[in-house]
Amino acid sequence: MHNFSSILDYHLTQRPDAVAVTQEERRLTVRALHERVNRLAAGLTELGVGRGDVVGLLLYNRPEFLELVYAVNRVGAVFLPLNYRLSEEEWAYILDHARVRAIVTEPEFLRPTDRIAAKLTGLEHRILVDGEPPSDGWTGYEALLDRHPGARVQPVDVGPDDLQRLMYTSGTTSRPKGVRITYGNVQAKNLAHIVHFGLTAADTTLVCGPLYHVGGLDMPALGVLYTGGSVVLQRKFDPECALRAIQEHRVTNAWLAPAMVNAVLEVPDRESYDTKSVRFILGGGEKTPEPVLRRVMNAFPNAWFADAYGLTETVSGDTFLDREHSLSKLGSVGRPVPHTRVRIVDDSDQEVPAGELGEITLRGPKVFAGYWRDEKATAAALKDGWFHTGDIGHLDEDGFLYIDDRKKDMIVSGGENIATPEVERVLYEHPAVLEAAVVGLTHPRWGEVPRAFVVFRPGAGAGAEELREFCLERLAKFKVPVRFDVVDELPRTPSGKVLKRTLRDIPAEG
C-alpha cells in the first residue's frame, strides 16, 4: 500500500498550479504544498523523527496542520491531533499515554506546552509555528523548513495495518481512549466517500470544524484532497464567515456539526449570501431533528443534507442519507457506504429484525485496529470482527439506519423505554426552542423520568407549563419531561454531540 503522502507526488504531475489549500489571503498550490511538505519531512528526519514515532499537533485550523499530516506520514511517523479545548491535565494525559516524541504548536499554547513537557519523559522536540521560539528546547517551524531548501524525501513504504494516525476519543468515558487509525482505514474511507459523493478535483470543501476531529479532517476534506480538489480553512468556526467563504470560493461541500448548523441558520442576513454552489452538506454528530433538516434544505437550494452516522473508530462517515430519500426517509442517517456493513443486535449479540431497537454494530475496512495500549477496551469493542458502537438504533425494511439513542442515554421509566431523541424532536418543533437535550432523572417510583434542558432562540421564551402542554399534545404522557431547565448553551463534544453525562450531573433543584 502506498503512503498517504504519495498522493501529492501524483497531483504534482497532473495539476501543479491548482490551488490545494486556502485560508484568508494564504493560498498554497499543489506545487507549493508539495515543496513545503518535502522540506518539512527532511526537517523531521533531521530531528530523528521516523517510522512509528508519534507527533502531536496542538494547532488551530491552518495550512501547517495539513502540511504536517502529509510530512509526518511521509517519514513513516504517526500524527496525533490534539483537541485545543482540553485542559493542560488532559493534554498531558494524552501525550504521555501516546508516548509522543515531538509536538508542534503555536504561540497561544507555548507556555502550557512548556509546563506539560516537564512531565513527559518521552517528549524530545517542541516545534513552534509562528513567532520567535524561545531558545530553551524549541525549534522554529519555518526555520526547520529553511534548513532544507529543495529537499525531496521519498515516502516510506507502509502496509494497510501500519498506523497513519492516533485520535483520542472525546472523553464520554472516564478517560479518552486512543483510536488506532491505519492506512487501510483511511484508504477505505477515502474510497467510500469518493464513490458515494462522486468527489472529483472540481470539489472545494469548506473546513470550519476543527481539523483535530474526524468531521473537520475526513468529512470529506482528506478525500477531496486525495482527488486533487481544494480545501478552504476557517481558523475557528464563525457562521457569517462560513457563508462568506461559501460565496467567495464557490464551495461545493462542508461538514457541519449540529450546533454549527443552528448557528448558520440563525445568521440574520443569511438569504443575502449565494449558497447555490453547495451540492451537499454532511451532518451528524447526533440525530438531526426533522425541523432543522427542512430549514437546511431551504437554506441551501441546490444541496442535499446528507445526514450521517459515524465514529472516530471508523474514520467517520459510515452511513449517509442520499438525495433521493432525503424527504421520504427524513430522520434517517441513511444506508452504509461501500464495503461497510451495519447490523443491529440485542444484549445477547443476536441480530434483531427490521424495526426493532438494538445496539448498532459495524464491520468493514474502515473499522479501526483497536485502542492504543488498551487491550481490555479493544476486546470489549471488537467482537468477531464487529465494532460495537454503544449506540442504539434500528434498521427499517429498506435497510435505512435510524439512531434512537446512546445505549447509556436510553431512559427506562416504569419498565418503558424512552428514546431521548424522540422527545428532543418534539421540543425542537416549538417555535421558541433553538436547542434541546433530554436526560434521565432519578425517580423513587418510576426509576427514571425525562428531564429537558432547552436553549431558547434570541428574544424568545416559554414557560415550563407551555412546554409541557406542547409535549403532551405530541407524546405519550410518560415521555413528557417532568422538568424543563433553561440554559444558555448545551455542553458538547468537539463532534457536536451533547454531553449528556454533564447534564445528568446537574442537580435538580426545587
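**Exercise 1. Describe the aromatic pair formed by Phe4 and Tyr70 in this predicted model.**

Solution. Start with burial: both Phe4 and Tyr70 are buried. Next, take the geometry of the rings. The ring centres of Phe4 and Tyr70 lie 5.3 Å apart and the planes meet at 10°. Planes under 30 degrees apart count as stacked, so Phe4 and Tyr70 form a stacked pair. Last, place the two residues in the chain. Phe4 sits in the segment before H1, while Tyr70 belongs to helix H3 (residues 63-74). The pair links distant parts of the chain, 66 residues apart.

**Exercise 2. Classify the ring pair of Phe368 and Phe387, and state where each residue lies.**

Solution. The centres of the two rings, Phe368 and Phe387, are 5.3 Å apart, and the angle between their planes is 70°. Planes over 60 degrees apart count as edge-to-face, so this is the class of the Phe368 and Phe387 pair. Phe368 is in the loop between strand S19 (358-363) and helix H13 (375-381), and Phe387 is in strand S21 (residues 386-395). The pair therefore ties together parts that are 19 residues apart in sequence. For burial, compare each value with the limit of under 20%. Phe368 has a relative accessible area of 4%, so Phe368 is buried. Phe387, at 2%, counts as buried too.

For the wider setting, the whole structure holds 12 aromatic pairs. Tyr60, Tyr84, Trp91, Phe109 and Tyr212 make up one aromatic cluster.

**Exercise 3. Find which parts of the chain are joined by the salt bridge between Arg165 and Asp218, and decide whether each partner is buried or exposed.**

Solution. The closest N and O atoms of Arg165 and Asp218 are 2.7 Å apart, and the two residues form a salt bridge. Arg165 is part of strand S8 (residues 163-168) and Asp218 is part of helix H8 (residues 214-218), so the bridge ties together parts 53 residues apart in sequence. Arg165 has a relative accessible area of 0% and is therefore buried. Asp218 also has 0% relative accessibility and counts as buried.

**Exercise 4. Do the same for Asp203 and Arg279.**

Solution. In this salt bridge, Asp203 and Arg279 have their closest N and O atoms 2.9 Å apart. Asp203 lies in the loop between helix H7 (183-197) and strand S10 (204-207). Arg279 lies in the loop between H11 and strand S13 (280-282), and the two residues are 76 residues apart. Asp203 has 3% relative accessibility, so Asp203 counts as buried. Arg279 has 25%, so Arg279 counts as partly exposed.

A search of the whole structure gives 36 salt bridges. Some join into a network, made of Arg26, Arg62, Glu64, Glu106, Asp130 and Arg235.

**Exercise 5. Describe the second largest pocket, then follow one of its central residues to a salt bridge.**

Solution. The pocket holds about 570 Å³ of space. Its lining has 27 residues, and those nearest the centre are Arg85, Ala259, Met260, Arg492 and Thr493. By type, the lining of this pocket divides into 13 nonpolar, six polar and eight charged residues. Helix H11 (258-265) and strand S25 (433-443) each give at least two residues to the lining. H11 has the largest share, four residues.

Now follow Arg492. Its side chain meets that of Glu435 in a salt bridge of 2.8 Å, N to O. Glu435 is in strand S25 and Arg492 in the loop between strand S27 (483-486) and helix H16 (500-504), so the pair ties together parts 57 residues apart in sequence. Glu435 has 8% relative accessibility and therefore counts as buried.

**Exercise 6. State how many cavities of 30 Å³ or more there are, and describe the second largest.**

Solution. The count is four cavities. The second largest cavity holds about 60 Å³ of space. Its lining consists of Leu8, His11, Ala20, Val30, Leu33, Tyr70, Leu225, Gly228 and Gly229. Helix H1 (7-14) and helix H2 (30-46) are the elements that give two or more residues to this lining. Six of the lining residues are nonpolar, three are polar and none is charged. Tyr70, a lining residue here, is also the stacked partner of Phe4 from the opening exercise.

Notes. Residues numbered from 1 in each chain as written. Predicted model: local features only at pLDDT ≥ 70, side-chain atom pairs only at ≥ 80, totals over all residues. Heavy atoms only, no water. 1 Å grid on protein atoms, 1.4 Å probe; cavity = no way out; pocket = protein on both sides within 12 Å on 5 of 7 lines; lining within 4 Å. Points joined across faces, edges and corners; volume = space filled by probe spheres on them. Nonpolar A, V, L, I, M, F, W, Y, C, P; charged D, E, K, R; others polar. Salt bridge = Lys/Arg side-chain N within 4 Å of Asp/Glu carboxyl O. Buried < 20%, exposed > 50% of the residue type's maximum accessible area, 1.4 Å probe, protein only. Phe/Tyr/Trp six-rings, centres within 6.5 Å; stacked < 30°, edge-to-face > 60°.
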